[in-house]
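Here are some friendly notes to read alongside the model. Keep the structure open and find each place as you go.

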Amino acid sequence: MHGDTLRSELTHHLILADQLRASYAEIDAETLRDTLEGVSGLPEAVAAVVRSSLEDEAYIVGLKSRLEDLSARLNRLRERYERKRALARWAMLEGELEKVMCEDLSVSLRKGGEKLEVIDEGRVPEAFFVPQPSKLDKKGLIEALKRGEQVNGALLVMAEPTLSVRVR
C-alpha cells in the first residue's frame with residue numbers, strides 16, 4: 001500500500017519538476033525545491049512511510065521483548081521437565097521399580113544406550129577432528145584500512161546514504 005502511494009507521488013513529483021523546469025528555464029534549485037514542496041504530495045508520502053516504519057519498529061521491540069520472555073519461560077519449563085524426569089528415574093532406581101502402571105500412563109526404566117564420553121580431547125587422533133572454514137575478520141580488516149594500510153582485495157568505500165529519523 002505505502003509503496004504504491006509513494007511511487008505514485010514520486011512520479012507526480014518528477015513530472016511537476018520537469019514541467020516547472022520547462023516553463024521556467026531560469027528557475028534555480030532552491031526555488032524549484034520550495035515550489036515542489038508546496039505542490040507535491042511526495043514529502044507527506046515519505047512521512048507516512050516513515051511513520052508506518054516507526055510503528056513497525058515499536059512492534060519489533062515489543063515482539064523481541066516478548067520472545068525473550070517466552071524463550072526464558074521455555075527454558076524454565078525444559079529444566080523443570082528434565083528435573084521431574086530425573087527425579088522419577090532416581091526414585092524408580094532407588095525403589096527398584098521396573099515399571100509403574102496407572103490408568104492414564106505407564107512408566108518403565110529401559111537400559112541406556114551407548115554414549116560418547118571424551119576423557120582427554122588432546123589424545124584423540126587428528127582424523128576425528130573436522131576442519132573449520134576460515135572466516136574473514138571484517139573488523140580487523142576495517143581497522144587496518146582505516147590506519148591507511150594497503151590490503152589486496154579490499155578497500156573502504158562510501159556507503160549508500162542512510163535515512164535518519166528523529167521523533168519529537
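1. Let us start with packing. This is a predicted model, and in it the buried residues of H3 pack against helix H1 (2–23), strand E1 (99–101) and E2. Which residues of H3 are buried? They are Leu42, Ala45, Val50, Ser52 and Met92. Try picking them out on screen before you read on.

2. Next, look at the length of H3. The helix runs over 42–94. Its 53 residues, at 1.5 Å a residue, should span 78 Å, and the C-alpha atoms at its ends are 76 Å apart, so the expected and modelled spans agree.

3. Now go to the place where H3 ends. Just after this helix comes Glu96, with a positive phi of about 55 degrees. Most residues other than glycine have a negative phi. Glu96 has its positive value although it is not a glycine, and that makes it a good residue to inspect. You will find Glu96 in the loop between H3 and E1. Is Glu96 buried or exposed? Its relative accessibility is 71%, and exposed means over 50%, so Glu96 counts as exposed.

4. At the other end of H3, look at Ser40. This serine sits in the loop between helix H2 (29–39) and H3. Its relative accessible area is 4%, and because buried means under 20%, Ser40 is buried. A polar atom of the Ser40 side chain lies 3.0 Å from the backbone nitrogen of Leu42, and Leu42 is one of the buried residues of H3. What does Ser40 contact once its neighbours within four places in sequence are left aside? His13 and Leu16 are those partners.

5. On to the largest pocket, which has a volume of about 290 Å³. Its lining consists of Arg85, Ala88, Arg89, Met92, Ser106, Val107, Ser108, Leu109 and Arg110. Both H3 and strand E2 (106–108) supply at least two residues each, and H3 gives the largest share, with four. By type, the lining has four nonpolar, two polar and three charged residues. Met92 appears in this lining, and it is also among the buried residues of H3.

6. The second largest pocket holds about 150 Å³ of space. Ala47, Val50, Arg51, Leu54, Val165, Arg166, Val167 and Arg168 form its lining. Which kinds of residue make up this lining? Five are nonpolar, three are charged, and no polar residue is present. Val50, one of these lining residues, is listed as buried in H3.

7. Asp120 is worth a stop too. It is placed in the loop between E2 and helix H4 (138–146). With a relative accessible area of 38%, Asp120 is partly exposed. A polar atom of its side chain lies 3.1 Å from the backbone nitrogen of Gly122. Asp120 and Leu93 are 27 residues apart along the chain, and their C-alpha atoms are separated by 30 Å.

8. Last, visit Ser164, in the segment after H4. Its relative accessibility is 63%, and because the cut-off for exposed is over 50%, Ser164 counts as exposed. How far apart are the C-alpha atoms of Ser164 and Glu94? They are separated by 66 Å, and the two residues are 70 residues apart along the chain.

How values were computed:
Residues numbered from 1 in each chain as written. Predicted model: local features only at pLDDT ≥ 70, side-chain atom pairs only at ≥ 80, totals over all residues. Heavy atoms only, no water. 1 Å grid on protein atoms, 1.4 Å probe; cavity = no way out; pocket = protein on both sides within 12 Å on 5 of 7 lines; lining within 4 Å. Points joined across faces, edges and corners; volume = space filled by probe spheres on them. Nonpolar A, V, L, I, M, F, W, Y, C, P; charged D, E, K, R; others polar. Expected span 1.5 Å × (residues − 1). Buried < 20%, exposed > 50% of the residue type's maximum accessible area, 1.4 Å probe, protein only. Contact = heavy atoms within 4.5 Å. Polar contact = N/O pair within 3.5 Å; in protein donor to acceptor, adjacent residues only side chain to side chain.
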